[in-house]
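Let's take a walk through a protein fold together, one piece at a time. Keep the picture handy and turn it around as you read.

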Amino acid sequence: GEGRFSSFDEAFFNHLKSLGADAVWYTGIPRHASGEDFVKGNPGSPYAISDYFDTNPYLADDPSGRMEEFEDLVRRTHEAGLKVITDLVPNHVAPGCVNPIPVLDRWDYDWTDTRKVDWSDSRTLPFMAEVIRFWASKGVDGFRCDMVELVPLEAMAALIRTCREENPGLLFISEVYAPLSYAAYAGAGFDLIYDKSGFYDIARAILGGGCSARQLTYNWQRLGPLQGRMLNFLENHDEQRLASRAFAGSPSRGYAAMAVAALFNEASVMLYFGQEAGEAAAESPDGRTSIFNFCHPATADRLWRELHGESALLPQERNTLVRYRDLMSMAAREPFRSGRNYDLGWCQRDGFDPDRHFAFVRYGGGITSIVACIFSAEPARVVLHLPDGESFPAGTLELQVAPWDYTVEIINP
């Protein structure tokens, strides 16, 4: 729409619910630096925070009433049955941030539009707790915590404990990249953990032809009891769009990977801004939808207009939307929402290529579903052996699967 709080309306919320969504992550809510000489792009990075207790004027129809408009967005989101997630940025702020938070005169990586928060200062933790308290008072249900690997883990654990004493139900999501650290962040109280260096990197490598589908099994085995704490995705604001030429080249080439992300285990799954219609960031030179500049992604715009009564989506975009709605609504139902999973790769024989095929069972509540995924440009007749001695029927099953696609077979509804 217009990229404002008011653009999120009943038609859009109905669309999100058609995808089986539980929550909306609204990015770029805390006010960030714009129009300064150090800012990257226009309006600038939403992670260069200039005021933790304000929101951005450009998001409101009436900038003077921007906080009231945000509160109304939260109310509408809740009335639609969805939770609200916003960003917490604990590692860095914009130079000249108006809040009394201790900072160091340096930055991480190439983030020259920021200064690093000083977590060795005793004032930092209570300040950040006050930030969470402020947004929770506005109705925010959870926080996606930006680059927490650069913040002392014990400090984040103390912050979460402090905030949950007042708001026990708050959700905390950690942007973490080191798989060996996942258990520590789960132990610190984070509900969900980015599996970027696990699932995302493996799926991307498989789609690029440089990795075997066996790696999906290895990642699942490595996660063990942590699988339910993972957040799977194939896109976010940092990554190239799945449908862009820089990644898969089309949304259909990602269907099998999305099926693994959404159906394989207990992990949660995230869709990013028009992914469900095949947004390819065609306006961008690097396959990313910019978070630094105002931009107008064409597919996302057509999707919004389609949801508001126009026949705006292209035929292939409409087909992609149908596929995503089918997949995501399936993920929200049993046995995929909470049933047990069983990786079938180890017990297969002829008719199964473990480098290009991936198959598994989800079962629970009297329902058993078999999912077969193909990571190849060729269609395949997959022959699956279901072993004896498990909590689902044994036998042999043949499934025809299209290139880069998946199929689901219910064997005892």
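Before we start, one term: a residue counts as buried when its relative accessible area is under 20%, and as exposed when that value is over 50%. Also keep in mind that this is a predicted model.

Let's begin with strand 4, which covers residues 83–88. Five of its six residues are buried, so strand 4 is largely enclosed by the rest of the structure. Who sits beside it in the sheet? Strand 1 (residues 23–25) runs parallel to strand 4 and is joined to it by three bridges. One pair to look for is alanine 23, whose bridge partner in strand 4 is lysine 83. Strand 7 (residues 142–145) is also parallel to strand 4, with four bridges between them. There you can find leucine 88 with its bridge partner in strand 7, cysteine 145.

Now zoom out. These strands belong to an open sheet of seven, in the order 1-4-7-8-9-10-11, with parallel pairing. Why do strand 1 and strand 11 (268–270) have one side without a neighbour in the sheet? They stand at the edges, and each has a single partner strand, so there is nothing in the sheet to fill the other side. Going from one strand to the next, the twist averages 30 degrees. Further along the order, strand 8 (residues 171–174) and strand 9 (residues 192–194) run parallel and share two bridges. Look there for isoleucine 173, whose bridge partner in strand 9 is leucine 192. If you wonder what holds such sheets together, strands pair through backbone hydrogen bonds, either parallel or antiparallel.

Next, find helix 2, residues 66–79. With 14 residues at 1.5 Å each it should span 20 Å, and its end C-alpha atoms are 20 Å apart, which agrees. Its buried residues are Arg66, Met67, Glu69, Phe70, Leu73, Val74, Arg76 and Thr77. Many of those numbers are spaced by three or four, and here's a handy rule for reading such lists. An α-helix has 3.6 residues a turn, so residues three or four places apart point the same way. And what covers the buried residues of helix 2? The cover includes helix 1 (10–18), strand 1, strand 2 (30–32), strand 3 (49–55), strand 4 and helix 3 (124–137). After helix 2 comes glycine 81, with a positive phi near 85 degrees.

The loops have some surprises too. In the loop between strand 2 and strand 3 you'll find asparagine 42 and proline 43. A cis peptide bond joins the two, with omega at about 20 degrees. Asparagine 42 also has company from far along the chain: cysteine 295 is 253 residues away in sequence, yet the two are 9.7 Å apart in space, C-alpha to C-alpha. Neighbours within four places in sequence aside, asparagine 42 is in contact with Phe292, Asn293 and Phe294.

Two other loop residues have a positive phi without being glycine. Tyrosine 109, in the loop between strand 5 (92–93) and strand 6 (115–116), has a phi of about 50 degrees. Methionine 147, in the loop between strand 7 and helix 4 (153–166), has a phi near 45 degrees. Which is buried and which is exposed? Tyrosine 109 is exposed, at a relative accessible area of 60%, while methionine 147 counts as buried at 9% relative accessibility.

Now on to a second sheet. This open sheet has four strands in the order 12-13-14-17, with antiparallel pairing. Strand 12 and strand 17 (406–410) stand at its edges with a single partner strand each, so one side of each has no neighbour in the sheet. Neighbouring strands here are turned by 20 degrees against each other on average, direction ignored. Four bridges join strand 12 to the antiparallel strand 13 (residues 357–364), and asparagine 341 stands opposite arginine 362 in strand 13. Helix 8 (residues 255–263) packs on this sheet, touching strand 13, strand 14 (367–374) and strand 17.

Last stop: a pair of helices. Helix 9 (residues 298–307) and helix 10 (residues 315–331) pack at about 75 degrees, with their axes 11 Å apart. Helix 9 and helix 10 are therefore roughly perpendicular to each other. Among the residues making the contact are Leu303 of helix 9 and Leu321 of helix 10. Overall, the contact residues divide into three nonpolar, one polar and five charged.

Key
Residues are numbered from 1 along each chain as its sequence is written. This is a predicted model: local features need pLDDT of at least 70, side-chain atom pairs count only at pLDDT 80 or more; totals for chains, interfaces and linings use all residues. Side-chain values use heavy atoms; hydrogens and water are left out. Buried means under 20% relative accessible area, exposed over 50%, partly exposed in between (1.4 Å probe, protein chains only). Two strands pair if DSSP finds at least two bridges between them. Axes are lines fitted to C-alpha atoms, for helices over the stretch in contact, and angles run from 0 to 180 degrees between N-to-C directions. Angles under 35 degrees count as roughly parallel, over 145 as roughly antiparallel, 65 to 115 as roughly perpendicular and the rest as oblique. Contact means heavy atoms within 4.5 Å. Ala, Val, Leu, Ile, Met, Phe, Trp, Tyr, Cys and Pro count as nonpolar, Asp, Glu, Lys and Arg as charged, and the others, Gly among them, as polar. The expected span of a helix is 1.5 Å times one less than its number of residues.
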